[in-house]
Amino acid sequence: MIFKTLWQNISKSKDKLSENKIISDKFNYKTNIHLRFIDFDLMGHVNNSVYFTYLEIARAKYWEEIVKWDWKKTGIVIAHAELDYILPIVMNDKIAVHVKTSRIGNTSFDLDYQIVKIVGNEEVVCSKGKTVCIAVDYTTSRPTAIPEAQKQKMLGFEQL
């Protein structure tokens with residue numbers, strides 16, 4: 001009887017799909033992704049492994065255009081990658097990826113992502129992801145401090 005009373009008083013959350021129609025205004029960088037025929041599986045939607053390729057494309061553009069990462073001095077390895085699949089991407093969808101630096105440490109930083117479908121003037125979230133990136137010294141193959149110039153560009157662009 002007590003369990004039933006407590007259960008009835010719990011407020012129900014909104015539908016997760018309706019929540020995903022709102023794009024976070026906390027993303028300052030977005031790039032369009034062109035879908036390729038090879039991205040699709042027999043079910044007619046983008047294969048789950050290809051989503052990580054989309055994150056890689058967006059991450060590389062972000063580093064090139066915003067952070068101006070100097071690849072000749074310092075490398076980056078991905079220590080962790082995760083992705084929540086929300087809606088499928090199908091043929092003829094127009095998609096983009098939002099990227100932001102969400103955390104900066106001494107040798108590592110986190111990037112957050114949203115893959116969205118562009119439907120008219122609106123964007124609908126298809127997936128949300130995160131990668132943990134480690135700065136690496138090429139000569140020692142060990143983690144190294146994030147170069148100060150790149151760190152400052154991430155902090156300034158993201159207003160962290």
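Helices here are DSSP runs of H or I with at least four residues, strands are E runs of at least two, and both are numbered from the N terminus. With that settled, Trp 69 is easy to place: it sits in the loop between α3 and β2. Before going further, note that this is a predicted model, in which local features need pLDDT of at least 70 and side-chain atom pairs count only at pLDDT 80 or more, while totals for chains, interfaces and linings use all residues. Residues are numbered from 1 along each chain as its sequence is written, and side-chain values use heavy atoms, with hydrogens and water left out.

Let's start with the overall layout. The chain has four helices and six strands, and along the sequence they come in the pattern α-α-β-α-β-β-β-β-β-α. Of its 160 residues, 38% count as buried, where buried means under 20% relative accessible area, exposed means over 50%, and partly exposed is in between (1.4 Å probe, protein chains only). Contacts, meaning heavy atoms within 4.5 Å, often bridge long stretches of sequence: among those with a separation of 6 or more, 68% join residues 24 or more positions apart.

Now to the inside. A nonpolar core is a set of buried Ala, Val, Leu, Ile, Met, Phe, Trp, Tyr and Cys residues joined through side-chain atoms within 4.5 Å. The largest one here has 29 residues, and Tyr 54, Tyr 62, Trp 63, Trp 69, Val 97 and Phe 109 touch the most other members. At least two residues of this core come from each of β1 (29–33), α3 (50–67), β2 (74–85), β3 (95–104), β4 (108–119) and β5 (122–137). The largest share, nine residues, is supplied by α3.

Which element is largely enclosed by the rest of the structure? It's β3, because seven of its 10 residues are buried. Strands count as paired if DSSP finds at least two bridges between them, and β3 has partners in both β1 and β4. With β1, the pairing is antiparallel over five bridges, and Ile 33 has Ile 95 of β3 as its bridge partner. With β4, the pairing is again antiparallel, over nine bridges, and here Val 99 is matched with Tyr 113 of β4. Just three residues separate β3 and β4, which form a hairpin.

Val 97 shows what this looks like at the level of one residue. Leaving out residues up to four places away in sequence, Val 97 touches Tyr 29, Lys 30, Thr 31, Ile 33, Tyr 54, Leu 55, Ala 58, Tyr 113, Gln 114 and Ile 115.

β1 is worth a look of its own. In a regular strand the side chains alternate between the two faces of the sheet. Here Tyr 29, Thr 31 and Ile 33 point to one face and are buried, while Lys 30 and Asn 32 point to the other and are not.

Ile 33 turns up once more, this time at the largest pocket, which holds about 160 Å³ of space. Of the 13 lining residues, Ile 33, His 34, Leu 35, Asp 93 and Lys 94 are the closest to the centre of this pocket. (On a 1 Å grid over the protein atoms alone, a pocket is an open set of points where a 1.4 Å probe fits, with protein on both sides within 12 Å along at least five of seven lines; lining residues have an atom within 4 Å of a point. Points are joined across faces, edges and corners, and the volume is the space filled by probe spheres set on them.)

Back to the end of α3. Val 67, in helix α3, is buried, with a relative accessible area of 0%. Beyond four places in sequence, Val 67 touches Tyr 62, Gln 150, Lys 153 and Met 154. Next comes Lys 68, in the loop between α3 and β2, which counts as partly exposed at 45% relative accessibility. Most residues other than glycine have a negative phi, yet Lys 68 has a positive phi of about 55°. Trp 69 is buried again, at 6% relative accessibility. Among the residues that Trp 69 touches are Trp 63, Phe 109, Ile 146, Pro 147 and Met 154.

Asn 92 also has a positive phi, of about 75°. Asn 92 lies in the loop between β2 and β3 and counts as exposed, at 69% relative accessibility.
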